[in-house]
Amino acid sequence: MKMTIDEGLRLVAGFFILVSVALGVWVNPWWFAFTAFVGANLLQSAFTRSCPMMWVLKRAGFAERR
């Protein structure tokens, strides 16, 4: 079964957040800015229904709907 764009977006966002928090804790606190960027992008995409990562996932071959 092929993963949908929505599932892929949650996968990528979760991965980015976990990695950036780990880097912020163990490498440099400035990595928390990347965490904030991902959160802000998720927030704006809820209102605009537009997200650059969704375009990337569509081009990568993720299914639009089941």
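**Three helices, talked through**

Modeller: Let's start with a helix pair: in this predicted model, H1 and H3, the helix of residues 52-59, pack at an angle of about 120°, and their axes are 10 Å apart.

Biologist: What makes H1 oblique, rather than roughly parallel or antiparallel, to H3?

Modeller: Roughly perpendicular runs from 65 to 115 degrees, and roughly antiparallel needs over 145. An angle of about 120° fits neither class, so H1 counts as oblique to H3. The crossing of these two helices is right-handed.

Biologist: And how do H1 and H2 lie, roughly parallel or roughly antiparallel?

Modeller: Their axes come within 7 Å and cross at roughly 155°. That value is over the 145-degree cut-off, so H1 is roughly antiparallel to H2. Here the crossing is left-handed.

Biologist: Let me step back a bit. How many helices and strands does the protein chain have?

Modeller: Three helices and zero strands. Read from the N terminus, the order is α-α-α. The C-alpha trace spans about 40 × 25 × 15 Å along its principal axes.

Biologist: What share of the residues in the protein chain is buried?

Modeller: Of the 66 residues, 23% are buried. To be in that group, a residue needs under 20% relative accessible area.

Biologist: Now the outside. Which residues make the nonpolar surface patch?

Modeller: Among them are Phe 15, Phe 16, Val 19, Trp 26, Trp 31 and Phe 37, and the patch covers about 1,100 Å². H1 (5-26) and H2 (32-48) each supply at least two of the patch residues, and H1 gives the most, with six.

Biologist: Take Phe 15. Why is this residue called exposed?

Modeller: Phe 15 sits in helix H1. Its relative accessible area is 52%, and exposed means over 50%, so Phe 15 counts as exposed.

Biologist: What about Arg 49: buried or exposed, and how do you know?

Modeller: Exposed: a relative accessible area of 77% is over the 50% cut-off, so Arg 49 gets that label. You'll find Arg 49 in the loop between H2 and H3.

Biologist: What is the phi of Arg 49?

Modeller: Positive, about 55°, although Arg 49 is not a glycine. As for where it lies, its C-alpha atom is 26 Å from that of Val 21, a residue 28 positions away along the chain.

Biologist: How do you know that Lys 58 forms a salt bridge with Glu 64?

Modeller: The closest N and O atoms are 3.3 Å apart. The pair has to be within 4 Å, so this one qualifies as a salt bridge. A search of the whole structure finds one salt bridge.

Biologist: Why is Lys 58 called partly exposed?

Modeller: Its relative accessibility is 46%. Buried is under 20% and exposed is over 50%, so Lys 58 falls in between and counts as partly exposed.

Biologist: One more: why is Met 3 partly exposed?

Modeller: The reasoning is alike: 34% relative accessible area is neither under 20% nor over 50%, so Met 3 is partly exposed. Met 3 is in the segment before H1. Its C-alpha atom and that of Val 56 are separated by 14 Å, with the two residues 53 apart along the chain.

Methods: Residues are numbered from 1 along each chain as its sequence is written. This is a predicted model: local features need pLDDT of at least 70, side-chain atom pairs count only at pLDDT 80 or more; totals for chains, interfaces and linings use all residues. Side-chain values use heavy atoms; hydrogens and water are left out. Patches are made of residues with over 30% relative accessible area and no salt bridge: like charges are joined within 9 Å, nonpolar side chains (Val, Leu, Ile, Met, Phe, Trp, Tyr) within 5 Å. Accessible areas come from the Shrake-Rupley method with a 1.4 Å probe; for residues, only the protein chains shown count as cover. A salt bridge is a side-chain nitrogen of Lys or Arg within 4 Å of a carboxyl oxygen of Asp or Glu. Helices (H or I, at least four residues) and strands (E, at least two) are DSSP runs, numbered from the N terminus. Buried means under 20% relative accessible area, exposed over 50%, partly exposed in between (1.4 Å probe, protein chains only). Axes are lines fitted to C-alpha atoms, for helices over the stretch in contact, and angles run from 0 to 180 degrees between N-to-C directions. Angles under 35 degrees count as roughly parallel, over 145 as roughly antiparallel, 65 to 115 as roughly perpendicular and the rest as oblique. A crossing is left-handed if the near helix is turned anticlockwise from the far one by less than a right angle, and right-handed if clockwise.
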